[in-house]
Amino acid sequence: MKDIGHLRREYNLNRIDITKIEQDPFALFDNWFKEALAIEDIEANSMILSTVNYNNKPSSRVVLLKEYSNSRFKFYTNYLSKKGKHIEDNAYVALLFYWPKSVRQIRIEGYAQKTSITESNHYFSQRPRESMASAIISKQSHKMEISMNSLITEYNNLLNSNKPLNRPKHWGGYDVIPEYFEFWQGNKGRLHDRFQFTKEDNSTLWQIDQLYP
Ligand SMILES: Cc1cc2nc3c(=O)[nH]c(=O)nc-3n(C[C@H](O)[C@H](O)[C@H](O)COP(=O)(O)O)c2cc1C
């Protein structure tokens, strides 16, 4: 086995003062996300989505954050995929952003609900035709019963047809409505800065606590 135990990076960044950070986690996310967009090389909007199935078995995969506001985080996918089935059985999900250059991690937990039909239609209509065609023909996460060559032929036929491509019912967005955030900033001597935001059910006030690293 390759020994990677020595792989270690020293972080040496400015300390974050809990009394000076944004008291609203959505505003703090907005700050960190904008900084990540400026600093990270590629796909700062990629995030790990974890779901749990009816049998309590977790599963994680990368998806792209496509929009966020001061109440929710949005991504788009196939509703009949593995993740779609998990969410149907258990709407509680986790999102994870890791930005290596910024030495930052944000953890978000909350409920996923389907994006409105109007909004999913609007987003779909603005995608490149290539993305529309693949969303229409892919039975994401299902075993392929045809060859990849046949699928590519189907894709090319659809792409090059004059047909308008409309959003299929199996494809759309999910809005994640958080009830938990954790902001992590790597720091010197492994004494990292961690801030947790929690809130009571139906409350609009967030409680902020610093956590041991
Ligand atoms: C950088 C990156 C971005 C991705 N973005 C998405 C996305 O926005 N939506 C999506 O459905 N899958 C996306 N995927 C593919 C997923 O990771 C995953 O393979 C797919 O959604 C099937 O997951 P499931 O079988 O758990 O449902 C992306 C993968 C990578 C590596």
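How many helices and how many strands are there in the protein chain? Let's start with the whole chain and then move in.

**Figure 1. Overview of the protein chain in this predicted model.** The protein chain holds five helices and nine strands. Read along the sequence, these elements follow the pattern α-β-β-β-β-α-β-β-α-α-α-β-β-β. Taken along the principal axes, the C-alpha atoms fill a box of roughly 60 × 50 × 40 Å.

**Figure 2. The shell of residues around the ligand.** Here you meet E43, R61, V62, V63, L64, Y76, T77, S81, K82, K83, Q140 and S141, the residues around the ligand. By character, the shell divides into four nonpolar, four polar and four charged residues.

**Figure 3. Polar atoms of the ligand and their partners in Y76, K83 and Q140.** A polar backbone atom of Y76 lies 3.0 Å from a nitrogen atom of the ligand. On the side-chain front, an N or O atom of K83 is 2.6 Å from an oxygen atom of the ligand. Q140 also takes part through its side chain, where an N or O atom is 3.2 Å from an oxygen atom of the ligand. On its own, the ligand has 620 Å² of accessible area, and the protein covers 64% of this. Which elements give two or more residues to the shell around the ligand? They are β2 (58-64), β4 (73-78) and α2 (82-89). The largest share comes from β2, with four residues.

**Figure 4. The packing of helices α4 and α5.** This view turns to two helices: α4 spans residues 129-137, and α5 spans residues 148-159. They pack at an angle of about 130°, and their axes are 9 Å apart. Angles over 145 degrees would count as roughly antiparallel, and 65 to 115 as roughly perpendicular, so α4 and α5 are oblique to each other. What is the hand of the crossing of α4 and α5? The crossing is right-handed.

**Figure 5. Two loop residues with a positive phi, E43 and R190.** Most residues other than glycine have a negative phi, which makes this pair worth a close look. E43 is not a glycine, yet its phi is positive, at about 45°. You will find E43 in the loop between α1 (25-39) and β1 (46-52), and E43 is also one of the residues around the ligand. R190, likewise not a glycine, has a positive phi of about 60°. Where does R190 sit? Its place is in the loop between β7 (171-185) and β8 (193-198).

Terms used
Residues numbered from 1 in each chain as written. Predicted model: local features only at pLDDT ≥ 70, side-chain atom pairs only at ≥ 80, totals over all residues. Heavy atoms only, no water. Near = heavy atom within 4 Å. Polar contact = N/O pair within 3.5 Å; in protein donor to acceptor, adjacent residues only side chain to side chain. Areas by Shrake-Rupley, 256 points an atom, 1.4 Å probe, with all protein chains shown as cover. Nonpolar A, V, L, I, M, F, W, Y, C, P; charged D, E, K, R; others polar. Axes fitted to C-alpha atoms, helices over the stretch in contact; angles between N-to-C directions. Parallel < 35°, antiparallel > 145°, perpendicular 65-115°, else oblique. Left-handed = near helix turned anticlockwise from the far one by under 90°.
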